[in-house]
Amino acid sequence: MFKQELPLMFPDDADVQTVKGRIFDPFEYLMLRHKEGKLNTDFKKPLGKVSYHTACHLRVQNIGYKTRELLELVPDTKLELLERCSGHDGTYAVKSEFHDISMKICRPLFGKVKQAKPDYYGSDCPMAGHQIENGLDEVCPSRRIH
């Protein structure tokens, strides 16, 4: 919102433009540090196989898959990109009248994670990560990245 919507609403406000230039997605920021040679990439442990769900907000931000780029820096890590709807949609999944429908929407995503049998799975969206967790019974180890 601070990078895209507010600057459109207030194009002549210098303060808004200043804020726009100083707001970053966390992994966008880390990859900028990496590009400048300022990110410690001395990773001690491989992650193994990771199923990584790309959150909807990343497509809107139009910054690319910065989390994927960072995870790919970890040696001996194989990343599976999951580009499916988690069915969460803000408060939709937590409303009792929509919860079952949201879980049905996410079913293909659960299936992909189950099929992959990753060492870790996660999403840049905490709500989507929680939705995935709710849909998986005994599939993955208790270690998760959210």
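**Close-up views of a predicted model**

Ser51 stands opposite Glu80 in strand 2. The views below come from a predicted model.

**View 1. Strand 1 pairs with strand 2 in the parallel sense.** The pairing of these two strands runs over 6 bridges. Strand 2 covers residues 77-82, and strand 1 covers residues 48-53. Ser51 and Glu80 face each other here, with Glu80 in strand 2. Strands of a sheet pair through backbone hydrogen bonds, in either a parallel or an antiparallel way.

**View 2. Strand 1 also pairs with strand 3.** This pairing is parallel and has 4 bridges. Two of the bridge partners can be picked out by name: Val50 is matched with Tyr120 of strand 3, and Tyr52 is matched with Gly122 of strand 3.

**View 3. The 3 strands form an open sheet in the order 2-1-3.** Its pairing is parallel. Strand 2 and strand 3 (120-123) are the edge strands, each pairing on one side only. From one strand to the next, the twist averages 20 degrees.

**View 4. Helix 6 and helix 7 lie against the sheet.** Helix 6 lies across strand 1, strand 2 and strand 3, and runs at about 160 degrees to strand 2. Helix 7, made of residues 126-135, touches strand 1 and strand 3. The direction of helix 7 makes about 140 degrees with that of strand 3.

**View 5. Helix 6 packs with helix 7.** Two packed helices are described by the angle between their axes and by the distance between those axes. For helix 6 and helix 7 the angle is about 75 degrees and the axes are 9 Å apart. An angle from 65 to 115 degrees counts as roughly perpendicular, and these two helices are therefore roughly perpendicular to each other. On the side of helix 6, the contact is made by Ser102, Met103, Cys106, Leu109, Phe110, Val113 and Lys114. Helix 7 contributes Gln131, Ile132, Asn134 and Gly135. By class, the residues of this contact are 6 nonpolar, 4 polar and 1 charged.

**View 6. His88 sits in the loop between strand 2 and helix 6 (99-116).** The relative accessibility of His88 is 7%, so His88 counts as buried, the cut-off being under 20%. Neighbours within four places in sequence set aside, His88 is in contact with Ala93, Val94, Met127 and Gln131. Gln131 is also one of the helix 7 residues in the contact with helix 6.

**View 7. Leu47 lies in the loop between helix 3 (26-35) and strand 1.** Apart from neighbours within four places in sequence, Leu47 is in contact with Leu71, Val74, Pro75, Asp76, Thr77, Asp119 and Tyr120. Ile101 is 54 residues from Leu47 along the chain, and their C-alpha atoms are separated by 33 Å.

**View 8. Asp76 and Lys117 have positive phi values without being glycines.** Asp76 is in the loop between helix 5 (66-71) and strand 2, and its phi is about 55 degrees. Lys117 is in the loop between helix 6 and strand 3, with phi near 50 degrees. Exposed means a relative accessible area over 50%. Asp76, at 66%, is therefore exposed, and Lys117, at 64%, counts as exposed too.

**View 9. Confidence varies among the elements of the chain.** Helix 3 has the highest mean pLDDT, 96, and helix 4 (residues 56-61) has the lowest, 77. For the protein chain the mean pLDDT is 87, with 93% of the residues reaching 70 or more.

Technical notes:
Residues are numbered from 1 along each chain as its sequence is written. This is a predicted model: local features need pLDDT of at least 70, side-chain atom pairs count only at pLDDT 80 or more; totals for chains, interfaces and linings use all residues. Side-chain values use heavy atoms; hydrogens and water are left out. Buried means under 20% relative accessible area, exposed over 50%, partly exposed in between (1.4 Å probe, protein chains only). Contact means heavy atoms within 4.5 Å. Two strands pair if DSSP finds at least two bridges between them. Axes are lines fitted to C-alpha atoms, for helices over the stretch in contact, and angles run from 0 to 180 degrees between N-to-C directions. Angles under 35 degrees count as roughly parallel, over 145 as roughly antiparallel, 65 to 115 as roughly perpendicular and the rest as oblique. Ala, Val, Leu, Ile, Met, Phe, Trp, Tyr, Cys and Pro count as nonpolar, Asp, Glu, Lys and Arg as charged, and the others, Gly among them, as polar. pLDDT is the predictor's confidence in each residue, from 0 to 100.
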